[in-house]
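Got a minute to get to know a protein chain? Have a look at the sequence and the 3D structure below, and then we'll walk through them together.

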Amino acid sequence: MIAGLKKIWPPLLLAPMAGLTHSALRTSILSFGGIGLLSTEMLAAARLPAENVRLSPYLVRTPEESPLSYQLLLSSEHNIPKVFAALHRFNADAIDLNLGCPAPVVRRAGGGSSLMEDPERVRKIVQCARRNTALPLTAKIRLGETLDSQKLRDFCLMLAGEGIDMLTVHARLRAEPFARRPRWEWIAKVKEWIDIPVVANGSIDSVSSARACIEESGADGIMIGRAAAVTPWIFADIAREIYKLPLPTVKISLPSLYQNFTRALVERFQPERRLGRLKEFTHYFAKNYFFGHHLAAKVQASLTMEDAWVRAVEFFGENDSDGTSGLVASFAAFVRGEEGG
Ligand SMILES: Cc1cc2nc3c(=O)[nH]c(=O)nc-3n(C[C@H](O)[C@H](O)[C@H](O)COP(=O)(O)O)c2cc1C
């Protein structure tokens with residue numbers, strides 16, 4: 001898949017997810033391979049120029065995390081030159097505009113999905129963005145407020161006409177919950193309307209659902225969100241099975257994966273930024289286990305990283321066939337030392 005002269009291969013993309021799509025999850029995914037484009041979580045545009053890349057939990061990144069798309073939350077073209085200059089300094093590989101977030105707090109500030117109700121404002125944003133970067137410029141949308149082909153078509157054509165290089169469609173209406181089946185058939189419509197690459201998103205959580213989505217939508221690529229936090233190896237599985245990448249099948253050890261994730265949080269994030277991220281990840285990762293809600297609850301109730309780690313090890317000992325044998329014995333002490341305890 002080619003977006004703005006950059007090749008994305010395999011056409012498998014990590015979805016931006018607030019609190020989840022950060023350096024630790026990205027390196028976990030990279031350890032298995034199969035990812036074509038990584039992402040940050042949504043970034044408040046106004047704050048970016050002043051952020052410290054080494055300390056900011058939103059921006060911290062290791063050199064291997066590439067190609068990496070930075071997703072912007074903005075409500076107007078105001079400040080775009082400064083914000084984009086910052087993104088160029090951060091070595092962004094692509095810039096994505098968030099036009100789909102349904103969160104009330106984001107909408108009240110004039111961002112996310114509220115922008116789909118104001119196409120002329122979005123036109124100005126995209127025109128200004130296009131003038132300020134030669135990087136691939138992409139956008140992510142939902143289907144809108146109601147199912148309205150004409151309105152959605154005009155919006156997508158406007159985006160493509162103003163220079164958006166690739167469009168991701170989360171196939172749900174603004175107010176639809178994740179429990180609702182995604183409308184992949186609407187992605188097929190978008191694909192017919194515009195001639196830039198279209199990426200399908202929504203409830204892809206296995207090789208078979210990836211295959212079904214590609215068949216139904218005809219999309220050029222797929223983007224995966226929640227399932228990436230449950231099974232960070234999902235991109236490798238899809239790349240191997242659908243795109244025939246010669247990736248080795250590796251035996252997954254969930255306790256080791258969790259340890260590596262925890263280590264990345266401890267090594268790369270400021271102490272006060274670690275535990276919240278571990279809890280958020282564990283909420284999804286725990287779904288690998290039949291009794292995973294116990295793991296999620298134990299970590300959720302922890303007051304320190306060390307606490308969380310000790311409780312997780314206890315859980316692995318009781319619920320994982322790998323047990324704790326592959327874990328570093330002194331890891332709790334390492335976590336404690338780094339917490340300054
Ligand atoms: C915890 C969480 C945070 C999210 N944050 C963002 C975000 O920052 N930007 C965005 O465009 N979408 C965000 N989303 C939506 C996802 O990118 C994606 O569109 C959605 O989860 C559907 O894909 P999935 O079924 O593969 O998870 C978020 C979703 C979740 C679950």
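Here's a quick briefing, going from the whole chain down to single residues.

Keep in mind that this is a predicted model. The chain has 14 helices and 10 strands, and it is divided into domain 1 (2-241) and domain 2 (254-339). There's also a ligand, with 22 residues around it.

**The whole chain**

- A compact globule of 341 residues would have a radius of gyration near 20 Å, and this chain has 20 Å, so the two agree.
- If you boxed up the C-alpha atoms along the principal axes, you'd need roughly 60 × 45 × 35 Å.
- Buried residues account for 45% of the 341 residues.
- Take the contacts between residues at least 6 apart in sequence: 71% of them join residues at least 24 apart.

**Two domains and where they touch**

- The centres of domain 1 and domain 2, taken over C-alpha atoms, are 29 Å apart.
- Domain 1 puts 15 residues into the contact, and domain 2 puts in 16 residues.
- On the domain 1 side, H1 and H8 each supply at least two residues.
- Which helix gives the most to the side of domain 1 that touches domain 2? That's H1, with 5 residues.
- This side of domain 1 splits into 9 nonpolar, 5 polar and 1 charged residues.

**Around the ligand**

- The residues that come nearest to the ligand are Ala15, Met17, Met42, Gly225 and Arg226.
- Two elements give two or more residues to the shell: strand S4 (38-44) and helix H8 (226-230).
- The shell is a mix of 10 nonpolar, 9 polar and 3 charged residues.
- H8 turns up twice in this story, since it gives residues to the ligand shell and also to the side of domain 1 that touches domain 2.

**Helix H11, mostly covered**

- H11 runs over residues 274-285, and at 1.5 Å a residue its 12 residues should span 16 Å; its end C-alpha atoms are 16 Å apart, so that checks out.
- Is H11 mostly covered or mostly open? It's mostly covered, with 9 of its 12 residues buried.
- The buried ones include Leu275, Leu278, Phe281 and Phe285, and Arg274 and Arg277 are buried too.
- These buried residues pack against H1 (23-32), H8, H10 (254-268), H12 (292-300) and H13 (305-319).
- A handy rule for looking at helices: an α-helix has 3.6 residues a turn, so residues three or four places apart point the same way.

**Helix H10, a partner of H11**

- H10 has 15 residues and reaches 21 Å from its first C-alpha to its last, close to the 21 Å expected at 1.5 Å a residue.
- Its buried residues are Pro255, Tyr258, Gln259, Phe261, Thr262, Ala264, Leu265 and Val266.
- What covers them includes H1, H11, H13 and H14 (331-339).

**Backbone oddities**

- Most residues other than glycine have a negative phi, and most peptide bonds are trans. The next few spots go the other way.
- The peptide bond from tryptophan 9 to proline 10 is cis, with omega near -5 degrees. You'll find proline 10 in the loop between S2 (6-7) and S3 (12-14).
- Another cis bond goes from serine 66 to proline 67, again with omega near -5 degrees. Proline 67 sits in the loop between S4 and S5 (68-73).
- Asparagine 79 isn't a glycine, yet its phi is positive, at about 80 degrees. This residue belongs to the loop between S5 and H2 (80-89).
- Why does asparagine 79 count as partly exposed? Because 15 other C-beta atoms lie within 10 Å, while being buried takes 20 or more and being exposed takes 12 or fewer.
- Serine 203 has a positive phi as well, near 60 degrees, and lies in the loop between S9 (198-201) and H7. With 19 other C-beta atoms within 10 Å, serine 203 is partly exposed.

**One residue in H7**

- Alanine 212 is part of helix H7 (residues 207-217), and it counts as partly exposed because it has 13 C-beta neighbours inside 10 Å.
- How far is alanine 212 from glycine 100 in sequence and in space? They are 112 residues apart in sequence and 23 Å apart in space, C-alpha to C-alpha.

Methods. Residues are numbered from 1 along each chain as its sequence is written. This is a predicted model: local features need pLDDT of at least 70, side-chain atom pairs count only at pLDDT 80 or more; totals for chains, interfaces and linings use all residues. A residue is near a molecule or strand if its C-beta atom, placed from the backbone, lies within 6 Å of it. Helices (H or I, at least four residues) and strands (E, at least two) are DSSP runs, numbered from the N terminus. Ala, Val, Leu, Ile, Met, Phe, Trp, Tyr, Cys and Pro count as nonpolar, Asp, Glu, Lys and Arg as charged, and the others, Gly among them, as polar. The radius of gyration is taken over C-alpha atoms; the globule rule is 2.2 Å times the number of residues to the power 0.38. Two residues are in contact if their C-beta atoms, placed from the backbone, lie within 7 Å. The expected span of a helix is 1.5 Å times one less than its number of residues. Domain bounds come from an automatic or database domain assignment.
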